[in-house]
Amino acid sequence: DPLSARADIQSKRQYSREGWSVSSTTQIVVTSTETHFAVHATLSAYEKKQLVFNRKWSLEIPRDHV
């Protein structure tokens, strides 16, 4: 069933030097229906281990059946 396909992408980046450390994690999930692609994304940013920023997005993109 093509509509059961799912892409789940996760990434973590970390940068540090003496006395300084930041990191970010992202997750993107893409699914589809007969008429739309659905995209759900999350971004979290940390300084040392403290969460300093978090945002979630969701959007639907119409499928072009041309």
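This is a quick spoken walk through the predicted model shown above.

Okay, hi everyone. Let me start with the fold. The protein has four strands and zero helices, so if you read along the sequence you just get β-β-β-β. Those four strands make an open sheet in the order β1-β2-β3-β4, and the pairing is antiparallel. As a quick reminder, strands of a sheet pair through backbone hydrogen bonds, parallel or antiparallel.

Which strands sit at the edges? They're β1, residues 7-17, and β4, residues 50-62, and each of them pairs on one side only. Going from one strand to the next, the twist averages 10°.

Now the middle of the sheet. β2 covers residues 20-32 and β3 covers residues 36-47, and they pair antiparallel over 11 bridges. If you want one pair to click on, take Val-22: its bridge partner in β3 is Glu-47.

On to β3 and β4. How many bridges join them? There are 12, and again the two strands run antiparallel. Here the pair to look at is His-40, which stands opposite Ser-58 in β4. The two strands form a hairpin with two residues between them. For those of you who like backbone torsions, Lys-48 in that turn has a positive phi of about 55°.

Okay, overall shape. The C-alpha atoms fill a box of roughly 55 × 20 × 20 Å along the principal axes. The radius of gyration is 16 Å, whereas a compact globule of 66 residues would come out near 11 Å. On burial, 12% of the 66 residues count as buried. The exposed surface is about 5600 Å², and carbon and sulfur atoms supply 52% of that. For contacts, take the ones with a separation of 6 or more: residues 24 or more positions apart account for 27% of them.

Last bit, charges. In general, side chains of opposite charge can pair when their charged atoms come close. How many salt bridges do we count in this model? The count comes to one. That's Arg-6 with Asp-8, at 3.9 Å from N to O, and it makes the list because the cut-off is 4 Å. Are the two partners buried or exposed? Arg-6 has 55% relative accessibility, so it counts as exposed. Asp-8 is at 38%, so that one counts as partly exposed.

That's what I have, so over to you for questions.

Note on methods
Residues numbered from 1 in each chain as written. Predicted model: local features only at pLDDT ≥ 70, side-chain atom pairs only at ≥ 80, totals over all residues. Heavy atoms only, no water. Pairing = 2+ DSSP bridges. Axes fitted to C-alpha atoms, helices over the stretch in contact; angles between N-to-C directions. Rg over C-alpha atoms; globule rule 2.2 N^0.38 Å. Buried < 20%, exposed > 50% of the residue type's maximum accessible area, 1.4 Å probe, protein only. Contact = heavy atoms within 4.5 Å. Areas by Shrake-Rupley, 256 points an atom, 1.4 Å probe, with all protein chains shown as cover. Salt bridge = Lys/Arg side-chain N within 4 Å of Asp/Glu carboxyl O.
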